[in-house]
Amino acid sequence: MSADLTTTWLGLKLAHPIMPGASPLVDDLDAVAALQEAGAPAIVMHSLFEEQIIREYEESERLMDAHSDTYIEARSYFPKRDLFPFGPEGYVEHVRRLRKELHIPLIASLNGASRGGWLDFGRALQDAGANALELNVYDLAADGTETSESIEDRVIQMVESLRRVVRIPFAVKLSPFYTSLVNFARQIETAGANGLVIFNRFYQPDIDVEALEVSPTLRLSDSSELPLRLRWLAILFPAVKIPIAVTGGVHDPVDAVKSVMCGASAVQIVSALLKNGPRRLGEIVKGFRAWLEDHDYKGVAQMKGSMSLLRCPDPKAVERSNYAHLLQTWRQGR
Ligand SMILES: Cc1cc2nc3c(=O)[nH]c(=O)nc-3n(C[C@H](O)[C@H](O)[C@H](O)COP(=O)(O)O)c2cc1C
């Protein structure tokens with residue numbers, strides 16, 4: 001019997017959970033068409049950055065007032081305009097163009113770290129035809145005067161602001177580096193987000209010891225990055241009502257199976273597509289379907305969350321005792 005792969009993500013009914021995540025692939029119409037052809041059930045656009053929006057509209061006091069001096073100083077390090085394929089207006093135009101070309105849902109993406117007028121831009125993306133949004137809150141907590149609570153509050157205020165300006169659903173894309181992720185995720189849900197995307201990858205700079213320079217590196221992922229996501233999917237799935245998408249380390253059909261078992265409603269892939277091309281998406285979907293059917297699953301709904309902590313009475317004890325057990329087995333094994 002053919003497995004039912006349908007899933008719902010951000011209120012959008014999708015043919016299956018495996019979709020391309022935010023990346024420059026979607027800047028090119030041919031690549032987008034190839035992704036759709038390969039079976040992508042939705043497309044996530046690369047992000048429009050807060051700094052791009054602010055720079056474009058910096059004459060507007062209304063926008064600038066919402067930003068601190070520190071922020072303005074940080075902005076001066078932001079890459080030059082011509083590094084980006086689109087400015088804000090070009091991005092909106094690209095949303096319009098893609099909306100016309102595609103028959104699958106389109107998810108636009110905003111990327112920023114402070115609350116303020118730049119989030120109003122969400123409405124322009126909505127009006128241009130985006131079916132949903134991602135809000136990527138990529139931020140490095142390097143300011144020693146700021147508490148974790150105020151960092152989290154800022155994100156919550158961003159979510160509340162975006163909720164006020166758009167009626168389309170949106171997800172918040174998070175990093176794993178929050179002290180009490182479950183509590184924070186619940187606050188994000190209460191503030192009006194419709195989904196969570198876990199996790200942002202932080203691109204780690206390396207050090208060139210000869211030149212004494214920091215060398216920025218963009219390394220694509222492999223499957224070893226998935227277990228961090230699986231653990232938090234398993235923990236968050238029973239803790240929030242909004243759906244969760246996984247991003248980071250999904251490279252083959254079994255990675256997708258694990259993600260759904262731990263609670264993912266959607267599975268985003270980027271590195272696998274950048275390494276192997278858009279057709280890889282179709283191969284992963286095919287393998288995913290075959291796995292479910294070989295293992296007699298009726299579909300994604302039956303499998304979703306089956307390996308989450310939903311049935312575990314004391315997740316903390318399991319986490320700690322697993323950890324203690326693991327350390328002991330390694331020593332005995334030697
Ligand atoms: C070249 C490149 C560009 C990316 N651009 C964005 C972006 O604009 N916005 C965003 O939210 N994530 C962006 N990402 C992150 C991906 O959406 C994804 O979260 C990350 O690559 C982890 O997934 P993966 O292991 O499948 O690559 C980018 C990743 C890469 C490799």
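**Notes on the predicted model**

1. Let's start with an odd spot: L212 sits in the loop between strand 9 and strand 10 (213-215). Keep in mind that this is a predicted model. The phi of L212 is positive, about 50 degrees, even though L212 is not a glycine. Most residues other than glycine have a negative phi. Is L212 buried or exposed? L212 has 7 C-beta neighbours inside 10 Å, so it counts as exposed.

2. D296 tells a similar story. The loop between helix 12 and helix 13 holds D296, and its phi is positive at about 60 degrees although D296 is not a glycine. Because D296 has 9 C-beta neighbours inside 10 Å, it counts as exposed.

3. One more backbone feature to look up: I198 and F199 are joined by a cis peptide bond, with omega at about -5 degrees. Most peptide bonds are trans. F199 belongs to the loop between strand 8 (195-198) and strand 9 (206-208).

4. Now step back to the whole chain. You can count 14 helices and 12 strands in the protein chain. Of its 334 residues, 39% are buried. Look also at the contacts between residues at least 6 apart in sequence: 74% of them join residues at least 24 apart.

5. How far can you trust the picture? The mean pLDDT of the protein chain is 89, and 89% of the residues reach 70 or more. Residues 68-74 are a different matter, with pLDDT below 50, and this stretch has 2 contacts in the model beyond near neighbours in sequence. Where pLDDT is low, the predicted coordinates should not be read in detail.

6. Helix 5 (residues 88-101) is a good one to practise on. At 1.5 Å a residue, its 14 residues should span 20 Å, and the end C-alpha atoms are indeed 20 Å apart, so the two agree. Which residues of helix 5 are buried? They are P88, Y91, V92, H94, V95 and L98. Looking down the axis of helix 5, you find these buried residues within an arc of 155 degrees, so they line one face of the helix. The spacing makes sense: an α-helix has 3.6 residues a turn, so residues three or four places apart point the same way. On the other side of helix 5, E89, K100 and E101 are exposed. The cover over the buried residues of helix 5 includes helix 1 (29-37), strand 4 (43-49), helix 2 (50-56), strand 5 (106-111) and helix 6 (121-127).

7. Helix 10 (residues 253-262) is mostly covered, with 7 of its 10 residues buried. Those residues are D255, A256, V257, K258, S259, V260 and C262. Among the elements covering them are strand 3 (18-20), helix 9 (226-236), strand 11 (244-247) and strand 12 (264-269). Just past the end of helix 10, G263 has a positive phi of about 130 degrees.

8. Finally, the ligand. Which of the 23 residues around the ligand come nearest? They are A22, H46, S221, V270 and S271. At least two residues of the shell come from each of strand 4, strand 5 and helix 11 (271-276). Helix 11 gives the largest share, 3 residues. By type, the shell divides into 8 nonpolar, 12 polar and 3 charged residues.

How values were computed
Residues are numbered from 1 along each chain as its sequence is written. This is a predicted model: local features need pLDDT of at least 70, side-chain atom pairs count only at pLDDT 80 or more; totals for chains, interfaces and linings use all residues. Helices (H or I, at least four residues) and strands (E, at least two) are DSSP runs, numbered from the N terminus. A residue is buried if 20 or more other C-beta atoms lie within 10 Å of its own, exposed if 12 or fewer, and partly exposed in between; C-beta atoms are placed from the backbone. Two residues are in contact if their C-beta atoms, placed from the backbone, lie within 7 Å. The expected span of a helix is 1.5 Å times one less than its number of residues. The arc is that of the directions from the helix axis to the C-beta atoms. A residue is near a molecule or strand if its C-beta atom, placed from the backbone, lies within 6 Å of it. Ala, Val, Leu, Ile, Met, Phe, Trp, Tyr, Cys and Pro count as nonpolar, Asp, Glu, Lys and Arg as charged, and the others, Gly among them, as polar. pLDDT is the predictor's confidence in each residue, from 0 to 100.
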